[in-house]
Amino acid sequence: MLQTDQLSLARQLDMVFRELDTELSGMTSGIVFIQIRNNAIGKFGIRHNPIAGRNGRLTEENKGLTVVQLQSFRAMAIEALKFKRYWTHGEISYEFALRQEMIVVDAIMESNYNMANLMIHRYARKESSTTYQDYNADMTS
């Protein structure tokens, strides 16, 4: 069985969109989000409001993305990965909407860092008898 760390992020994203195809085919707008940890997709899904209220009535959307629009969305999402730089943990959100029968997509990338990991890997504590021994040295670098 393949593990996510054996697949490129682009391939994982392609798998996400294939999983979401049916749900996306019933929507005209929303946000597809993917959460990344160690360059592997963990949680993913869609944020949307499937019920629209107008003139005191609630109605469900009656159309969604076509096969061609879904393919275009998937291609744009994978293309947006080229703008991901250096970070391995975070979230990418793809806000999408149909405008004049064309799909419009905005990608929002959020990188996450962990201060504890930074302290462990880059600033490992030296053996010392006092916690504050190198305080001035730490503050100048």
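# Briefing: fold, core and pocket of a predicted model

Of the 141 residues of the protein, 29% count as buried. The model is a predicted one. The protein has four helices and six strands, and from the N terminus on these elements follow the order α-β-β-β-β-α-β-β-α-α. Among contacts with a separation of 6 or more, 60% are between residues 24 or more positions apart.

**Strand pairing**

- β1 (29-37) and β2 (40-47) run antiparallel and are joined by six bridges.
- Within this pairing, Val32 has Ile46 of β2 as its bridge partner.
- β1 also pairs with β5 (90-99), again in the antiparallel sense, over eight bridges.
- Gln35 stands opposite Glu91 of β5.
- β5 is joined in turn to β6 (102-111) by ten bridges, and these two strands run antiparallel.
- On that side, Glu91 stands opposite Glu110 of β6.
- β5 thus has pairings with β1 and with β6.
- Eight of the ten residues of β5 are buried, so this strand is largely enclosed by the rest of the structure.

**Hairpin turns and positive phi values**

- Most residues other than glycine have a negative phi, and the residues listed here depart from that pattern.
- β1 and β2 form a hairpin with two residues between them, and Asn38 in the turn has a positive phi of about 55°.
- Asn39 lies in the loop between β1 and β2 and has a positive phi of about 60°, although it is not a glycine.
- Asn39 counts as partly exposed because its relative accessibility is 31%, which falls between the limits of 20% for buried and 50% for exposed.
- β5 and β6 form a hairpin that also has two residues between the strands, and Gln100 in the turn has a positive phi of about 50°.
- Tyr86 is placed in the loop between α2 and β5; its phi is positive, about 70°, although Tyr86 is not a glycine.
- Tyr86 is exposed, with a relative accessible area of 81%, over the 50% limit.

**Largest nonpolar core**

- The largest nonpolar core has 25 residues, and those touching the most other members are Leu13, Leu24, Val32, Leu65, Phe73, Tyr94 and Phe96.
- Two or more residues of this core come from each of α1 (9-24), β1, β2, α2 (67-80), β5 and β6.
- α1 gives the most to the core, with six residues.
- Leu65, one of the residues touching the most other members, is in contact with Leu24, Ser25, Met27, Leu70, Phe73, Phe96, Leu98 and Ile103, leaving aside neighbours within four places in sequence.
- Of these contacts of Leu65, Leu24, Phe73 and Phe96 are also among the core residues that touch the most other members.
- Val32, another residue of that group, is the one whose bridge partner in β2 is Ile46.

**Ala77 in helix α2**

- Ala77 is found in helix α2.
- Ala77 is buried because its relative accessible area is 0%, under the 20% limit.
- Not counting residues up to four places away in sequence, Ala77 touches Leu13, Phe17 and Tyr94.
- Leu13 and Tyr94 are both listed among the core residues that touch the most other members.
- Ala77 and Val32 are 45 residues apart in sequence, while their C-alpha atoms are 9.6 Å apart in space.

**Second largest pocket**

- The volume of the second largest pocket is about 390 Å³.
- Its lining consists of 13 residues, and the ones that lie nearest its centre are His89, Asn112, Tyr113, Asn114 and Asn117.
- β1 and α3 (115-122) each supply at least two residues of this lining.
- α3 gives the most to the lining, with four residues.
- By class, the lining of this pocket is made up of five nonpolar, six polar and two charged residues.
- β1 therefore appears in the lining of this pocket as well as among the elements that give two or more residues to the largest nonpolar core.

Key:
Residues numbered from 1 in each chain as written. Predicted model: local features only at pLDDT ≥ 70, side-chain atom pairs only at ≥ 80, totals over all residues. Heavy atoms only, no water. Core = buried A, V, L, I, M, F, W, Y, C linked by side-chain atoms within 4.5 Å. Buried < 20%, exposed > 50% of the residue type's maximum accessible area, 1.4 Å probe, protein only. Contact = heavy atoms within 4.5 Å. 1 Å grid on protein atoms, 1.4 Å probe; cavity = no way out; pocket = protein on both sides within 12 Å on 5 of 7 lines; lining within 4 Å. Points joined across faces, edges and corners; volume = space filled by probe spheres on them. Nonpolar A, V, L, I, M, F, W, Y, C, P; charged D, E, K, R; others polar. Pairing = 2+ DSSP bridges.
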